[in-house]
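Good morning, colleagues. I would like to take a few minutes to walk through one structure, going from the whole chain to a few individual residues.

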Amino acid sequence: MSTPASGSRAMLGEALRVIDGPEAGSEIPLGRNVAIGRAVEGPGNLPGDHELSRSHARIVMLAPGSYALEDLDSTNGTYLNGWRIPSSQLLSTGDRIQLGGTVLQVVLPQAGQASGAHRRRQVILAGATDAEALRTPKAQATLYASGVRKSYGSVDVLKGVDLEIEPGEVAGLLGHNGAGKTTFVSCVAGLRRADAGTILVDGVDAVKEPLKARRHLGIAPQDLGIYPTLTVRRNLELFSELAGLRGREMASNVEEVGEALSLTPKFDAHAGTLSGGQQRRLHTGMAMVYKAPLLILDEPTVGADIRTRQEILDVVRKLADEGHAICYSTHYLPEIEALGASVALLQGGEIIARGSIAELVTKFSKQAVELTFEGTAPDIAVRGGETKLEGSRLRITTDNAAETAAAVLGQLGAQAIRLRNVELVRPSLDAIYLTLTEQRYSEQPAARGDSDAAQELPAAAVGALQNSGVNFKRL
């Protein structure tokens with residue numbers, strides 16, 4: 001009896017080749033979202049491997065030819081090239097994935113290039129001489145911002161922000177607190193007036209005509225903006241009416257958003273009686289309900305439960321597929337990868353890099369090893385690595401983080417007693433942000449046990465970690 005992963009499966013160009021395990025010799029074709037486990041639906045169903053969790057891992061398409069690997073809280077973990085992944089990781093051709101007793105090899109015969117006019121062919125970096133030539137023309141962009149500046153007294157918050165988002169594009173606006181994200185989206189929405197620059201929303205000048213431009217956008221700020229004494233239905237209707245919707249169109253949109261965000265059963269309940277997750281879904285739904293050409297979502301899933309997060313992401317993807325432009329700000333980087341969003345990195349009031357995740361990874365694909373010590377970090381040179389000292393932290397940029405970790409641990413000698421933490425940084429969106437800004441964007445996952453670290457490092461590094469009390473993490 002054949003299984004869903006049997007060798008009869010068609011051999012496609014982009015796939016996961018099963019090289020070990022019960023289904024060795026077959027392939028799993030890659031698509032937009034492929035779940036892998038012994039009880040999942042679709043081509044990733046591997047019922048013959050009893051070491052797999054029912055729903056073990058997932059491969060998400062970021063753009064054509066570009067994929068990310070996620071663990072789905074599996075029992076045994078998901079391993080990429082011999083190390084257990086703590087978070088979503090970008091895949092390259094030739095990568096090996098181990099799940100339970102199955103080993104998969106990533107096959108991407110053609111280098112991935114994001115599709116659609118809004119996917120840039122090159123990464124745009126701040127100060128690049130050809131940056132303007134690479135930008136989307138005004139007429140093609142739903143949001144077009146150029147040279148946007150905003151100051152509060154002597155503090156320059158926005159120093160000339162350039163950003164365009166095209167129909168059907170989800171643009172992830174990333175930056176640390178204080179980078180200017182909230183100020184920028186407030187200027188786009190007409191909540192604050194820019195001191196200088198151009199902002200066009202669906203062709204309308206948002207600086208000169210903010211009220212008119214506001215009719216072309218929906219915004220869900222981070223702070224909840226629901227009306228607790230009104231019913232859920234009335235909250236959605238009110239924002240539809242403010243956008244000029246009436247009658248059947250309004251009723252249809254309200255029903256559609258309510259169904260998509262699982263709010264329909266609560267339509268007659270007062271918004272103030274909803275749970276936190278339900279209030280977050282309602283808040284976001286109020287921005288989506290009149291289906292404006294531009295949707296601005298500022299931390300839409302902050303504090304949300306898993307169900308709320310997934311439902312919001314599903315609706316965002318659906319709106320993008322329908323041609324809406326979406327500016328999506330979040331501190332949860334896997335959401336950007338799951339949405340297949342392009343990325344705009346905002347730092348110090350300027351966009352310092354702009355492109356798809358795949359393009360950014362291609363340009364900034366270095367791995368790194370970070371060692372944290374008690375007291376000042378020792379100055380250790382490693383062949384093939386670029387070393388940087390920052391107080392108690394030693395960071396080594398390299399092409400092979402695992403081998404470099406083994407080499408540096410072997411050189412510590414008496415300094416090993418002061419070693420408190422080791423991290424392997426593999427190319428990911430967070431690692432790219434670290435490369436560009438020398439700052440971490442998201443909080444790192446909790447450390448796993450030293451036993452995991454030992455089996456993921458080369459043998460030369462194992463002895464250096466045994467009985468050391470070192471906290472070992474992988475990014």
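I shall begin with the overall figures, then turn to the sheets, a helix with its flanking strands, the cores, and two buried residues.

Please keep in mind throughout that this is a predicted model. The chain contains 13 helices and 26 strands. Of its 475 residues, 52% count as buried. The exposed area of the chain is about 20,500 Å², and 49% of that is supplied by carbon and sulfur atoms. As for contacts between residues at least 6 apart in sequence, 61% of them join residues at least 24 apart.

Let me take the sheets. One is an open sheet of six strands in the order E2-E1-E10-E9-E6-E7, and its pairing is antiparallel. Which strands stand at its edges? They are E2, residues 27-29, and E7, residues 83-84; each has a single partner strand, so one side of each lacks a neighbour in the sheet. Further in, strand E6, residues 78-80, runs antiparallel to strand E9, residues 96-99, and three bridges join them. Within that pair, leucine 80 is placed opposite isoleucine 97 of E9.

Another open sheet has four strands, ordered E13-E12-E15-E16, again with antiparallel pairing. Here the edge positions belong to E13, residues 155-165, and E16, residues 204-205; with a single partner strand each, they have one side left without a neighbour in the sheet. Strand E12, residues 143-152, pairs with E13 in the antiparallel sense over eight bridges. In this pairing, tyrosine 144 faces glutamate 164 of E13.

I now come to strand E19, residues 325-329. Is this strand mostly covered or mostly exposed? It is mostly covered, with five of its five residues buried. The burial extends to both faces: Ala325, Cys327 and Ser329 lie on one side, Ile326 and Tyr328 on the other. E19 also has parallel partners. Strand E14, residues 170-174, runs parallel to E19 and is joined to it by four bridges, with glycine 172 opposite tyrosine 328. Strand E18, residues 294-298, pairs with E19 in the parallel sense over five bridges, and there isoleucine 296 has cysteine 327 as its bridge partner.

E18 and E19 are also connected through a helix. Together with helix H7, residues 306-321, they make a right-handed β-α-β unit. H7 has 16 residues and spans 23 Å from its first C-alpha to its last, close to the 22 Å expected at 1.5 Å a residue. Its buried residues include Thr308, Glu311, Ile312, Val316 and Leu319. What covers them? The cover over the buried residues of H7 includes strands E14, E18 and E19, along with helices H5 (247-260), H6 (276-288) and H8 (333-339).

This brings us to the cores. In soluble globular proteins, nonpolar side chains tend to be buried together. The largest nonpolar core in this model has 50 residues, and those with the most contacts inside it are Leu282, Val316, Ile326 and Tyr328. H7 gives the largest share of this core, six residues. Setting aside residues up to four places away in sequence, valine 316 touches Val170, Met288, Leu297, Ile326, Tyr328 and Leu339. Apart from this core lies another, of 31 residues, among them Leu158, Ile165, Val204 and Cys327.

Two further residues deserve a look. Threonine 284 lies in helix H6. Why does threonine 284 count as buried? Its relative accessibility is 0%, and the cut-off for burial is under 20%. Beyond its neighbours within four places in sequence, threonine 284 is in contact with Ala220, Leu297, Pro300 and Ile312.

The second is leucine 236, found in helix H4, residues 232-242. Leucine 236 is likewise buried, with a relative accessible area of 0%. Which residues does leucine 236 touch, not counting those up to four places away in sequence? They are Val254, Val257, Phe267, Leu282, Gly285, Met286 and Val289. As for valine 254, its C-alpha atom is separated from that of leucine 236 by 6.1 Å, although the two residues are 18 apart along the chain.

That concludes the presentation, and I thank you for your attention.

Key
Residues are numbered from 1 along each chain as its sequence is written. This is a predicted model: local features need pLDDT of at least 70, side-chain atom pairs count only at pLDDT 80 or more; totals for chains, interfaces and linings use all residues. Side-chain values use heavy atoms; hydrogens and water are left out. Two strands pair if DSSP finds at least two bridges between them. Buried means under 20% relative accessible area, exposed over 50%, partly exposed in between (1.4 Å probe, protein chains only). A crossover is right-handed if, with the strands pointing away from the viewer, the path from the first strand over the helix to the second runs clockwise. A nonpolar core is a set of buried Ala, Val, Leu, Ile, Met, Phe, Trp, Tyr and Cys residues joined through side-chain atoms within 4.5 Å. Contact means heavy atoms within 4.5 Å. Accessible areas come from the Shrake-Rupley method with a 1.4 Å probe; for residues, only the protein chains shown count as cover. The expected span of a helix is 1.5 Å times one less than its number of residues.
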